[in-house]
Amino acid sequence: MKRIVIIGASSGIGHSLASQYIMSGQWIVGVAARRADRLETLKDMAPGRVHTATIDVTADDAAQRLDQLIADMGGMDIFLLSSGTGKQNPSLDPAIERLTIDTNVKGFTMMIDAAYNYFKATGTPGQIAAITSIAGTRGIGIAASYSATKRYQWCYLTAIEQLAHTQHVNVSITDLRPGFVNTPLLDDGNHYPMQLSAEYTARAIRRAIAHKRRVAIINWPYAVLVFFWRLLPRCVWKRMSLKTAKH
């Protein structure tokens, strides 16, 4: 049986992914989040195949806790990072910006590095997948730190892919870029267009991971949107007002 570790499995896309991998009956699944009590429903689905751990990706001991989870599982074939945060913050509230950067940059980097170092040290062929966002396409004024940190994630995954090639580490990289997904992260009173369900998004992500896609935009309407976003000159982009309506 193959082994997958999912960080950020307590809710949203991560929880749906964990549920689907567990229900398939073909995986040993390691799930982690800041609050392990929220993972108990996942463990109850298949106690013999599900391992849980408390991991706060921003904490200094996050990498050590990941290593312990991998050891408890007897190894790892796929590492999937689903932890992330971000809010609309047109007032540039420092607390929101700091939390976003701590989670999406510091925490992201620590977790990706820990997974990479596991595959490098063991020589085990593996895959590192991370849920980033189409928001990394351009800097978005109402969510400056969120869009910027997602761009960072894109670049970091590309760098790790190059590093793996130069160091002859047998690991593939999958950058998963959804748009708006109906999760607690978007439960802020705003209306977000073209929202996808967490279940649909999880199924699409599983397919992308199975096919070892380098980059997967979830789903085709967002791929079209990103295509046109990239074509816009900077002078036009800065004049655009990207807003979401209140419910």
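Student: Helix 1 passes helix 6 in a right-handed crossing. What makes a crossing right-handed rather than left-handed?

Tutor: In this predicted model, the crossing of helix 1 and helix 6 is right-handed because the near helix is turned clockwise from the far one by less than a right angle. The axes of helix 1 (residues 12-24) and helix 6 cross at roughly 65° and come within 8 Å.

Student: Which residues of helix 1 and helix 6 meet?

Tutor: From helix 1 come G12, I13, S16, L17, Q20, Y21 and S24. From helix 6 come A198, E199, T201, A202, R203, I205, R206 and I209. The residues of this contact are seven nonpolar, five polar and three charged.

Student: Are helix 4 and helix 5 roughly parallel or roughly antiparallel, and how do you know that?

Tutor: Helix 4 and helix 5 (residues 144-166) pack at about 15°, with axes 9 Å apart. Angles under 35 degrees count as roughly parallel, and helix 4 and helix 5 are therefore roughly parallel to each other. Their crossing is right-handed.

Student: What do helix 4 and helix 5 bring to their contact?

Tutor: Helix 4 brings residues including E97, N104, F108 and Y116. Those of helix 5 include K150, Y152, Y156 and L163. By class, the contact holds 13 nonpolar, six polar and three charged residues.

Student: Why are helix 3 and helix 4 called oblique?

Tutor: The axes of helix 3 (residues 62-73) and helix 4 (residues 94-122) cross at roughly 40° and come within 9 Å. Roughly parallel needs an angle under 35 degrees, and roughly perpendicular runs from 65 to 115. The crossing angle of roughly 40° fits neither range, so helix 3 and helix 4 are oblique to each other. Helix 3 also passes helix 4 in a right-handed crossing.

Student: How do the residues of that contact divide by class?

Tutor: A62, A63, L66 and I70 of helix 3 meet M110, M111, A114, A115 and Y118 of helix 4. The residues divide into nine nonpolar, no polar and no charged. Tyr counts as nonpolar here, so Y118 does not make a polar entry.

Student: What makes a residue part of the lining of the second largest pocket?

Tutor: A lining residue has an atom within 4 Å of a point of the pocket. The second largest pocket has a volume of about 200 Å³. Of its 13 lining residues, K2, D77, I78, Q127 and K212 are the closest to the centre. Strand 5 (126-131), strand 6 (171-178) and helix 6 (198-210) each give two or more residues to the lining. Six lining residues are nonpolar, four polar and three charged.

How values were computed:
Residues numbered from 1 in each chain as written. Predicted model: local features only at pLDDT ≥ 70, side-chain atom pairs only at ≥ 80, totals over all residues. Heavy atoms only, no water. 1 Å grid on protein atoms, 1.4 Å probe; cavity = no way out; pocket = protein on both sides within 12 Å on 5 of 7 lines; lining within 4 Å. Points joined across faces, edges and corners; volume = space filled by probe spheres on them. Helix = DSSP H or I, 4+ residues; strand = E, 2+ residues; numbered from the N terminus. Axes fitted to C-alpha atoms, helices over the stretch in contact; angles between N-to-C directions. Parallel < 35°, antiparallel > 145°, perpendicular 65-115°, else oblique. Contact = heavy atoms within 4.5 Å.
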